[in-house]
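Please walk through the side-chain contacts and helix faces of the structure below. Short questions, short answers.

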Amino acid sequence: MKGLLYTHMGRRDEGIELVKKGIRLDLTSHICWHVYGLIQKGEKDYEGALKSYTQALKFDKENLNLLNDAANLQTQLRQFEGLQETRELILQLRPNARKNWISLAVAYHLNGKLSNAKKVLENYVRIVKNVPDYDSEHSEVVLYYVRVLEELGELGDALLMLDSNAKSRVIVDRTAVMETRARLLSKLDNTIEAEEAWRQLIERNSECYDYYRELLKLKGISLDAVTDENRDTILETLQELSDLHTRATAPRRIALAVSTGANFKDRAHNYLLNGIRRGLPSLFADVKSLYSDSTKQQAIEEIIEELKSTFAPPPASDATNGDTSSDTEPPTTYLWTLYFLAQHHSHLHRYSLASSVLDIAIAHTPTLPELHACKGRLLKRAGDLVGAVRCIEEARRLDRQDRFLNTKSAKYHQRAGLLDEAQAILGLFTKKDAATPGADLEDMQSLLYLTEEADAQNRLGRLGLALKKYLAIQKVFDDFNNDQYDFHFYSLRRFTINPYIGLLHWEDALQSQPAYVKSALEAARIYISVYDDPKLASSSSSNRSEAEKKAQKKAKKAALKNQEDSKKTAVANASSVNEDRGIEPPAPKDEDVDGSKALAAPDSLEQAWKLVKPLMTQTNDRMDVYIGVYDVSVRRQKYLQALKALLSARLLDPGDPELHLRIVDFKQRVSSLAQPLAQPLDSVISSALSTLIPADLALDTFNSQYLQRHSTSATAALAAAQVLHRLKAPREEVESTVFGILAPETVVDIKSASKALQFLADIGSSRKDEFRSKCDERFELSTVFKTPEELARLRSEALAESQGDAVEDKAKQEVP
């Protein structure tokens, strides 16, 4: 107990040592094990805490506090068999507590024993009496009971229970009642009542696409499989619903996806005209999914061009002569038509045309922020990141209170490599007492900021800082995982069972979130780069500018000041003996401000493996995950694991360029081993490798065949060139293959061309500047292929403008 008190007083090391000493003195003391488990739980060591609780329960089997904490830990660790046993024991000890019945039902449910969960809920409903009307807790229990019956397939009983409890005012969530009832009726093939139920839901919320989908399913129609036979039926139903709910856009938007030909053009004309007249900035984002059909794409272009001609203001001479043909429409109709048309051309990579349309729109109404933001987005796509910064800054000047524009501007500054300016912009809306705006955003777990900052540092070659931010993203997801612990108790106590089970399912798929996967793979790539070239660990910090080094020193000073302040506070509070500082350990001090220590980790491959290993079970449909697993495994000399990753990647896309590179790499590595692999591993790998590349096929032949099959792909041509370099082909052949990317028939984008330019630089090609010049001519709006001197000039001009804006922002903030 003294150790527990010391821990709460902040004397953590002394407290833990005392608790361990207590355990050594009496291994049969449930109190000692309980206290040790509490400390481990505070440190997020859930497995260790559960072991301590298990030991404590051996000597005090009916301690409810121990049992409840153990149950929460078992749920956190997804040990559902043990959870079921613990919950059964708790109910036996305290059957008069409602929470214990529900907790046992949930334990059975999570363990896959729905029949047992049903029996528990049956007994619970029978025992509970005198429930008041509109009791939200009992309402949630009944909805959960209905869910269990539905998952068991007892649809009739589920519907009967739902209806009886809805009529007796037991269930208070009317939307949940209506949705569940409609779903049950559909599964019971009660078409008439189900249709009426879905129509009632549409009347309640006419913008929910799922309601329309379910209503059409009753007619045997799936919106994912529209045919000529059922198209008219779908359109008639949607038209009927549109007439009933005249303000709803969902039925008219679904009809656009279903209709074809002249019918589509008429509907699209009305839909687009209505949106343009209302001034909807999101109209293009709403309809751009229709562009997967080239016929619909062309029809939309014709409609918008027609509207542009119709609403265009007359020439000055016609206006003088009294031509007022467009006076029936407000000027904003023409403006939003131009806005849509510019987005249309930008989406189709017609950047010059889109830019000219936006220039007309800006000349028409120069004070609309959306126009400048759209031009910034256009220039970003076209490869002019500095120009994009200027445009988004112009949009931000027009509305300095708009946090969206502020965030977008900071994001564009980060992508252009203007990181200090991005921090200054972010500082307009972050805490003023934070060490830096970035530190505040990291504390707020802003994944957008962390991802963009990490990517920017990575592009600038500052691997340490990039790695630090990628690992910070991983920590955010670790916090998400730890945060669920409190809900194991709270949700069951408050009887919010259905949302709680949804939370558990979401947490189970946490490591498949895009931000998690991206940060894990990028961090692993950095570790691999340092493993392949240890010099990168020392050269990473040298890529920082003088301004950034000064900012880094300032951040270190701020961190030291914070540490000194906390020490002073600790001394000031030392006399306050009774102050409770909690069971959780204090946040660790950041002793690796620039990420150099993490970058120089001696076990970089093992660190990379820790990052990619969880992805193997969470994501099985991403090529980059399998490539990442291969890159780590083959360097760890886990050849079977590496081969398995290649075989899995081949099932996704046998022609992927990165996969082609790895197949050649694996063949070379296995063939050049000093000693053959042990049996039966050698024969297994040889047999499986032959499915990727025939044993009697030379690598240069394999590479040339691959290039012939993908002759119009820029990424495939680059992969073939990289293989040629790996095979020590003549430099001229490698360069010729790279220059094939710029052939007229090859589909190439800025990203692929940039990678090709970087490859030429890496191999020391004398034709690097020639390739840069040709890319600069091909991508006329892009600044990516400018010379370093030109890029420095453009950045300095943008920097001068940003500094002027910063002074203006500061002046406005200081105005009382």
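Q: How many aromatic pairs does a search of the whole structure find?
A: The model is a predicted one. Rings pair here if their centres lie within 6.5 Å. Searching the whole structure on that rule gives a count of 13.

Q: Trp336 and Tyr339 form an aromatic pair; which kind is it?
A: The ring centres of Trp336 and Tyr339 are 5.3 Å apart. Their planes make an angle of 85°. Planes over 60 degrees apart put a pair in one class. The Trp336–Tyr339 pair is therefore edge-to-face.

Q: Which helix holds both Trp336 and Tyr339, and how far along it are they separated?
A: Both residues sit in helix α20, residues 331-347. They are three residues apart there, so the separation is about one helical turn.

Q: Are Trp336 and Tyr339 buried or exposed?
A: Buried means under 20% relative accessible area. Trp336 has 12%. Tyr339 has 6%. Trp336 is therefore buried, and Tyr339 is likewise buried.

Q: What class of pair do the rings of Phe480 and Trp506 make?
A: The two centres are 6.4 Å apart. The planes meet at 50°. Because that angle is neither under 30 nor over 60 degrees, the pair is tilted.

Q: Which parts does the pair of Phe480 and Trp506 tie together?
A: The pair joins parts that are 26 residues apart in sequence. Phe480 belongs to helix α28, residues 463-483. Trp506 belongs to residues 497-508. The parts tied together are therefore helix α28 and helix α30.

Q: How do Phe480 and Trp506 count by relative accessibility?
A: Phe480 has a relative accessibility of 22%. For Trp506 the value is 40%. Values from 20% to 50% fall in between buried and exposed. Phe480 therefore counts as partly exposed, and Trp506 also counts as partly exposed.

Q: Which residues do ring pairs link into a cluster with Phe480 and Trp506?
A: Phe480 and Trp506 belong to a cluster linked by ring pairs. The other members are Phe477 and Tyr516.

Q: Which residue lies over the face of Phe739?
A: The contact is at 3.9 Å from the ring centre of Phe739. The residue over that face is Arg767.

Q: With which residue does Arg767 form a salt bridge?
A: The closest N and O atoms of this bridge are 3.1 Å apart. Arg767 is partly exposed at 27%. Its partner is partly exposed at 33%. That partner is Glu770.

Q: What does the count of salt bridges come to?
A: Side chains of opposite charge can pair when their charged atoms come close. The cut-off used is 4 Å from nitrogen to carboxyl oxygen. By this rule the count is 38.

Q: Where do Arg147 and Glu151 lie?
A: Their side chains meet in a salt bridge of 3.0 Å, N to O. Arg147 is partly exposed at 22%, and Glu151 is partly exposed at 39%. The two are four residues apart, about one turn of the helix. That helix is α9, residues 136-152.

Q: How many residues apart in sequence are the parts that Lys518 and Asp455 tie together?
A: The side chains of Lys518 and Asp455 form a salt bridge at 3.4 Å, N to O. Lys518 lies in helix α31 (residues 514-532), whereas Asp455 lies in helix α27 (residues 447-459). The pair therefore ties together parts whose separation is 63 residues.

Q: Lys518 or Asp455: which counts as buried?
A: Lys518, at 30% relative accessibility, is partly exposed. Its partner is at 13%. The buried one is Asp455.

Q: Which residues are linked with Glu122 in a network of salt bridges?
A: Glu122 is part of a linked network of salt bridges. The others in it are Lys118 and Glu154.

Q: How far does helix α14 reach from its first C-alpha to its last?
A: Helix α14 has 17 residues, 228-244. At 1.5 Å a residue, 24 Å is expected. The span is close to that, at 25 Å.

Q: What arc do the buried residues of α14 cover?
A: Among the buried residues of α14 are Ile234, Leu238 and Leu241. The buried residues lie on the same side of α14, because their arc around the axis is only 165°.

Q: Which residues are exposed on the other side of α14?
A: The buried side of α14 is covered by elements including α12, α13, α15 and α16. The other side has exposed residues. They are Glu229, Asp232, Glu236, Asp243 and Leu244.

Technical notes. Residues are numbered from 1 along each chain as its sequence is written. This is a predicted model: local features need pLDDT of at least 70, side-chain atom pairs count only at pLDDT 80 or more; totals for chains, interfaces and linings use all residues. Side-chain values use heavy atoms; hydrogens and water are left out. Rings of Phe, Tyr and Trp (its six-membered ring) pair if their centres lie within 6.5 Å; planes under 30 degrees apart count as stacked, over 60 as edge-to-face and the rest as tilted. Buried means under 20% relative accessible area, exposed over 50%, partly exposed in between (1.4 Å probe, protein chains only). A charge sits over a ring if NZ of Lys or CZ of Arg is within 6 Å of the ring centre and within 35 degrees of the ring normal. The expected span of a helix is 1.5 Å times one less than its number of residues. The arc is that of the directions from the helix axis to the C-beta atoms. Contact means heavy atoms within 4.5 Å.
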